[in-house]
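I opened a fresh notebook page for this structure and wanted to look up a few things in turn. Here is what I had in front of me.

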Amino acid sequence: MKQVYLDNASTTQLRPEVIAEMTKILSDNYGNPSSSHNFGREAKNAIELARKSIAKSLNCNAQEIIFTSCATEANNFILLSCVKNLGIKRIITSKIEHHAVLHTVEMLQKEYKIEIEYVSITKSGIIDYENLSDLLNEDKKTLVSLMHVNNEIGTILDLERVATLCKNSNAYFHTDAVQAVGKSRIDLSQLPIDFLVGSAHKFHGPKGIGIAFVRKNIVLQPVIYGGEQEKGLRAGTESVHNIVGMAKALEISIGNLETEQKYIQDLKSYLIEQLTTVFPDCIFAGKPDETQYNIVNVILPFDDNKSGMIVFLMDMNGVAISRGSACQSGSSKPSHVLEAFIDKGFLTKPNMRISLSHYNTKEDIDSLIEALKKIQ
Ligand code: PLP
């Protein structure tokens, strides 16, 4: 049976150029970047070139990029270090964040007595900016942590608006941009963002490598102690092949951005058209014309008892999708993201997140629709 992959918000296929670059490093450049001999210096050089390349794509300084093992670690590092080292007393976040942020702020509330406020979410799945502005009126040492693109529904945060609100209120601003890095242009020289997080495997790079952007002159402390790697902010021998693979993946994604975006946007339009034609009673979580071009979350007019089985049933028909983030795709419980803004009546219905890449085709979408017809 043909296998169709429509779960690109969970992870993406590596680009061949990335594999080539990583293989070269793995076979030829195996020195420890902390060693002072030539093998080590070459490895270190590869890392610093990768850092410069990533900084160029995000329009920031290379020194502002710190390599971590994944975005989850980068989020943990920033949130925890802000509390321990910047004297943050309150975190404003939202109920639609990824668990890498939500569970970390819950821990900070419990262990460090940090006050947590959740900004309201509108019926379209975006944050209520007026509510954020009101919350920011309180005079407390605050960090705002709001994701750029939601991984389950694709809604997009207005980074400029939030960054400006935070700046005017003297609050720090952290954004989990895992679903946006490599998929949209982010110009950190123009946006007053303090911290940003990305992950290579979401933009056709390797798993096990992420970045934390920390704005110059903000002094954080590590959460992992050991050697002096990453200026002492993240100990542990660097994963050179992953770092180089990530830089290559980002360089190509940004280089091809407009072409691939247009191609994927057309696929998304076709997907919406097919879904609404074949299942006129389906509804979308997040307005499809306002969500990112690669993510669609649809609530299907099928029997409630299909909810827990939908991923399995689609898989049996050769189509890989998910219900929310990969970690909860097998659960029959509604996702925490949908729970935050969808009417209760729809929460028991089966939903699915379809997330596209430039490797997908219209035939993949036809396969999805055929599979849905079979299991409805
Ligand atoms: N944040 C968001 C929005 C995500 O979509 C993900 C991945 O699912 C993560 C964080 C975690 O990223 P990583 O797999 O690099 O830890």
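How far from a nitrogen atom of the ligand does a polar side-chain atom of D176 lie? I looked this up in a model that is predicted, and I found the polar side-chain atom of D176 at 2.7 Å from that nitrogen atom.

I then turned to the oxygen atoms of the ligand. A polar side-chain atom of K202 lies 2.7 Å from one ligand oxygen atom, and I noted that an N or O atom in the side chain of H98 is 3.3 Å from an oxygen atom of the ligand. Taken alone, the ligand would expose 400 Å², of which the protein buries 88%.

Next I listed the surroundings of the ligand, where I found C70, A71, T72, H98, M147, N151, D176, V178, Q179, S199, H201 and K202. Sorting this shell by class, I counted 4 nonpolar, 6 polar and 2 charged residues.

My second entry concerns L6, which I located in the loop between β1 (4-5) and α1 (16-28). Is L6 buried or exposed? I recorded L6 as buried, because its relative accessibility is 0% and the cut-off for buried is under 20%.

I also looked up what L6 touches, leaving aside residues up to four places away in sequence, and the contacts are V319, A320, I321, R353, I354, S355, L356, N360, D364 and L368. For one of these, V319, I checked the separation from L6: the two are 313 residues apart in sequence, while their C-alpha atoms are 7.1 Å apart in space.

Key:
Residues numbered from 1 in each chain as written. Predicted model: local features only at pLDDT ≥ 70, side-chain atom pairs only at ≥ 80, totals over all residues. Heavy atoms only, no water. Near = heavy atom within 4 Å. Polar contact = N/O pair within 3.5 Å; in protein donor to acceptor, adjacent residues only side chain to side chain. Areas by Shrake-Rupley, 256 points an atom, 1.4 Å probe, with all protein chains shown as cover. Nonpolar A, V, L, I, M, F, W, Y, C, P; charged D, E, K, R; others polar. Helix = DSSP H or I, 4+ residues; strand = E, 2+ residues; numbered from the N terminus. Buried < 20%, exposed > 50% of the residue type's maximum accessible area, 1.4 Å probe, protein only. Contact = heavy atoms within 4.5 Å.
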